Amino acid sequence: MATKVLKEFTIEDVAKHNIEGDLWVIIDSKVYDLSRFANLHPGGANVLYADGVAGKDATQVFFGLHRLEVLLRPQYARLQIGKIQGQEEVVKPLAPGELSQVPYAEPTWLSRGYFSPYYSEGHRKFQTAVRAFFMEVVQPESVRCEESGKRISQEVVDKMSEANIIAMRLGPGKHLKGRTLMGGIVKPEEFDYFHEAIVHAELARVSSRAVVDGLLAGLVIGLPPVLNYGSPELVAKVVPDALAGKKYVALAISEAFAGSDVGGLQTTAVRDGDYWVVTGTKKWITNGTFADYFTTGCKTDNGFTVLLIERGPGVSTKQIKTGYSSVAGTAYITFDKVRVPVSHTLGKVGNGMSVILSNFNHERWMVISCSITTQRLIVEECLKWGTQRLVFGKPLTSQPVIRAKLAAMISRVEACQNWHESITYQMNQMSYNEMSDKLAGPIGLLKQFVSRTARETAEDATQIFGGRALTTTGMGKLIENYHRTSGFDAILAGAEDVLGDLGVRQALKKMPRDARL
Ligand code: HEM
């Protein structure tokens, strides 16, 4: 397709169009004809007729009031009629895969001129491809679904499964064997937890908190127990379709009766020949509204057992209204005498607690990976806003109190990131059992730290953005979303205080008996 040659104007040409009905402005070297748009302008027509705006270069005032994306929306992009002779645009959106050059907007390993002991050139290649994919395929969908509350389209899920992103989100392992990952950039046997962390980070970079969950987070936490504890026949029946994005899975553990005390669950499974008969309810189940399978914690005669329940007679799900978008498909589930084949038992009868506990580490580490990226994104938003927003004729960052907030925000996210990388490195060296033994505590402590710092950063960012942080659209929309949803990470996958306590209890278990001051 031929690129449109833009008409060129001088500043003087534009200055002649400065009245109602004949109104041009310059924004970042581009000339816009707002004559007819003025009456439709969401900020009102009058602001456009002001002295420093009509017929003038309104770049400064524009970027004080709008996000760049406004100019990129097709309905507004077409208002551009030309450009100013001899000027070039300065403010450009990132190309798919491109890195931000804002300091601290990217982790150190992605920052120009810095080094990392953990990430290789291969990780970098992989990251570039994953970022481009998420920017092109997932970002527009995220914006649509966050607003509409509708579940992610099958088209996006299909594209994710084609690149094997769904399988990669489950981490390294035998489920990757024979798969072409991201067009073959990384071999399945080379795929490690740093590759996986990249996938989570890039997903979180372009998605709101609810979309991170809506994009099959239920499957990411609900399928591993099937992979690790299901019979070969069950694995063959369920896993290929799930990784191909044809069937959805949710992890159904928590209940209105029991959250953190998994032992207090009331959903009951009673044996009847070759079937279990399951009765009970589940609450806060991510992706539950559209899941085909539920990895479900049940009380059985001799303790606690995990069953894979297929949607069918006796299973009903309804949407729960939560503080974030219903794109996450958070559900209340009722099981009413549901007949579940005994072959759908995951692990040994009565051994459900270890099935669930072994799953938690990976889930928590995944939540941490996503949460840190969003925290970093908020730092980037604040650095940009702080420099482009003028107060008392100077950038906001000229105020020491703003710089102090930025210092705290940067330090927090860098601390989180470095701790996360250190734990991820340990994961790469350890067997699954070693991880359960040695990393449950550190992962619990890190998750507590990340969700606490997230909320502190949300508070600071809200102060920096002021009223703009209170609206779901416009300049502060990411801050508003973060402020409203950062608390989710303090609850989902294990409540903050419980996890901090777990970390300390694990440490106490390992205290040498002879340790004395
Ligand atoms: C191509 C030119 C422009 C387009 C397409 C445009 C579009 C918009 C849109 C979509 C909004 C809604 C808020 C948002 O989504 O960010 C808005 C708000 C606003 N616009 Fe514009 N605008 C343009 C130029 C200008 C200029 C030159 C001014 C200068 C005064 C201006 C002043 C405002 C104000 C005061 C608001 C309300 C901001 C708020 O609620 O915080 N706009 N504009």
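These legends walk you through several views of one predicted model.

**View 1. The whole chain, from end to end.** Welcome to the full fold, where the secondary structure comes to 17 helices and 15 strands. The chain has a radius of gyration of 26 Å, close to the 24 Å that the globule rule gives for 517 residues, so it is as compact as a globular protein of that length. Its C-alpha trace spans about 85 × 65 × 45 Å along the principal axes.

**View 2. Inside the fold.** Of the 517 residues here, 43% count as buried. Take the contacts between residues at least 6 apart in sequence: 72% of these join residues at least 24 apart.

**View 3. Four domains along the chain.** The domain assignment gives domain 1 (7–84) and domain 2 (108–215), followed by domain 3 (244–350) and domain 4 (360–509).

**View 4. The stretch with a UniProt annotation.** An unreviewed UniProt entry annotates residues 6–85 as "domain: Cytochrome b5 heme-binding". Over residues 6–85 you will find 25% helix and 25% strand, with the end C-alpha atoms 10 Å apart.

**View 5. Where domain 2 meets domain 3.** The centres of these two domains, taken over C-alpha atoms, are separated by 28 Å. In this view, 17 residues of domain 2 are in contact with 10 residues of domain 3.

**View 6. A closer look at the domain 2 side.** On the side of domain 2 that touches domain 3, the elements giving two or more residues are α5 (121–148), α6 (154–162) and α9 (209–214). The largest share, five residues, comes from α9. By type, the residues of this side divide into seven nonpolar, six charged and four polar.

Conventions: Residues are numbered from 1 along each chain as its sequence is written. This is a predicted model: local features need pLDDT of at least 70, side-chain atom pairs count only at pLDDT 80 or more; totals for chains, interfaces and linings use all residues. Domain bounds come from an automatic or database domain assignment. Two residues are in contact if their C-beta atoms, placed from the backbone, lie within 7 Å. Helices (H or I, at least four residues) and strands (E, at least two) are DSSP runs, numbered from the N terminus. Ala, Val, Leu, Ile, Met, Phe, Trp, Tyr, Cys and Pro count as nonpolar, Asp, Glu, Lys and Arg as charged, and the others, Gly among them, as polar. UniProt positions are given in the numbering used here, feature names are shortened, and annotations may be inferred rather than shown by experiment. The radius of gyration is taken over C-alpha atoms; the globule rule is 2.2 Å times the number of residues to the power 0.38. A residue is buried if 20 or more other C-beta atoms lie within 10 Å of its own, exposed if 12 or fewer, and partly exposed in between; C-beta atoms are placed from the backbone.
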